[in-house]
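This report looks at how two chains meet and at one of the pockets. The sequence and structure come first.

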Amino acid sequence: MIALMNALIRYATSSIGKKQIVGLTGLMLCGFLAGHLAGNFLLYKGEGVFNAYAQFLTSNPLLPYIELALLGVFMTHIGFALWVTWEDLLARPERYAVRRNAGGRTIGSSTMIYTGALTLAFLLFHVTVFKLSGEAEQHVRGLFGVVIDCFKSGAWVAFYAAALLGLGVHLSHGVQSAFQTFGVNHEKLTPGIKAAGLLFAAAMAVCFGMIPVLTKMGRIG
Amino acid sequence: MSGMKLTLKIWRQKGPGAPGELRSYGVQDISPDMSFLEMLDVLNEQLIKLGEDPVAFDHDCREGICGMCSLVIDGRAHGKDSGKTSCDMRMRGYQDGDTIAIEPFRAKGFPVVKDLVVDRSAFDRIMQAGGYVSVNAGSAPEAHSLPVPYEKAEAAMDHAACIGCGACVAACPNASAMLFVSAKVSQLALLPQGGPERARRALSMLEQHDKEGFGNCTNEGECEKVCPKSVKISSIARLNREFLRASVLY
């Protein structure tokens, strides 16, 4: 048992172990995003179907445990990512006076911590408005009504669009990077993984982002 | 002889931990056929004649195989030519009147010794942690007794091409030495001779890498762009697999 604990600590404190934990939790969160988006698509089916789905989710007795697990995955992803970033900052105490990228970096790869922070800020607002406020229970049109009311505000729509663009940029590097971190790199597979990662990132940004925009335009509601 | 006139902005630092600054120097009569280091030799001859301290920079073979050059030229490790060390780069890529900024490799694991010279003994300590094969020395074995497939031998050689210059660290936004460690781990992991110590090697070399204060690889891919021996980032993927395997098995 002690040997196992030591091995786990050695793994989780090593540079590759930390990255693999960030990568694994990141891919788990991608799975969550896909599931969340599938639920969001029910908004197009109208008030009845969407509210029934919301009711189905909230009435599940396992929900608090699932939410706790999800919170754990988020916290692990954020915590280890901050740890890695902090060490990376310390690894170069004196910066270059002239810095030129050699051609490997992308907008996504060089802004992970910023797009991650933007996504977290967005998430805190999002959960507060749609979950913690309890408005869904009081609203005459349920959770569907909360969505419609929220996206009447142009500022909210703009904030959502910006945050989801940030999420897309984050995923544009994150998805393919997670595969590389787990050692999946092959001349045949890697171009496909990179393309799929970009496609997933774009799909998440566009499909999630369309909802506030279409609601504001009156196409949902 | 008439050649190019250049302005050099060179990092000058008297010693370890001393404050440093970029200082401007003019050089002239630079032939396009000179190597970058020969151009620095011209500058140093000028400085010596003026009674000034010449610019300290590392060099040895001057033919791209020893890994001693440690210059970041205009923000890029080893300069603008891909697949080359600074000593291998010719001045023909520059125009008369150009200004060139020259800085040392920068990383916590590579402290500056003087001017453009950095201490890369961290790489030696990483090698000492596991970059070897323990075998009973004796006469060379019969070649057919240990067959190595052609593709594996070639791949091992691609990794063994790493000269340990540290340009990967200099170029990495996180000052990570993962490309170096991965090349050294991979060259042995691919061959049967490296098999018995494969797991222990991956763990100990990575542990030493982390101890030396190098950063974490975030798959930015800058390292492979500046590597003078064109070691690819797929090498780091192999190290990641080796590490995962070793963490489970060892």
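In this predicted model, Arg105(A) forms a salt bridge with Glu220(B), and the closest N and O atoms of the pair are 3.0 Å apart. The count of salt bridges between chain A and chain B is one. Polar contacts between chain A and chain B amount to 33 residue pairs, with both residues at pLDDT 80 or more.

On the side of chain A that touches chain B, at least two residues each come from α1 (2-13), α2 (15-40), α4 (63-90), α5 (107-110) and α9 (154-181) of chain A. Of these, α2(A) gives the most, with six residues.

The contact as a whole takes in 37 residues of chain A and 49 residues of chain B. About 3,500 Å² is buried between chain A and chain B, and carbon and sulfur atoms give 49% of that area.

Turning to the pocket, the second largest one has a volume of about 550 Å³. Its lining consists of 17 residues; nearest the centre lie Asn185(A) and Glu187(A), along with His159(B), Ser234(B) and Arg238(B). Two or more lining residues come from each of α10 (189-216) of chain A and α3 (150-160) and α8 (234-249) of chain B. The most come from α8(B), which supplies four residues.

The table gives the residue classes for the two regions.

| Region | Nonpolar | Polar | Charged |
|---|---|---|---|
| Side of chain A that touches chain B | 11 residues | 15 residues | 11 residues |
| Lining of the second largest pocket | four residues | seven residues | six residues |

Terms used. Residues numbered from 1 in each chain as written. Chains lettered and ligands numbered in written order. Predicted model: local features only at pLDDT ≥ 70, side-chain atom pairs only at ≥ 80, totals over all residues. Heavy atoms only, no water. Contact = heavy atoms within 4.5 Å. Buried area = accessible area lost by both parts, 1.4 Å probe. Salt bridge = Lys/Arg side-chain N within 4 Å of Asp/Glu carboxyl O. Polar contact = N/O pair within 3.5 Å; in protein donor to acceptor, adjacent residues only side chain to side chain. Nonpolar A, V, L, I, M, F, W, Y, C, P; charged D, E, K, R; others polar. 1 Å grid on protein atoms, 1.4 Å probe; cavity = no way out; pocket = protein on both sides within 12 Å on 5 of 7 lines; lining within 4 Å. Points joined across faces, edges and corners; volume = space filled by probe spheres on them.
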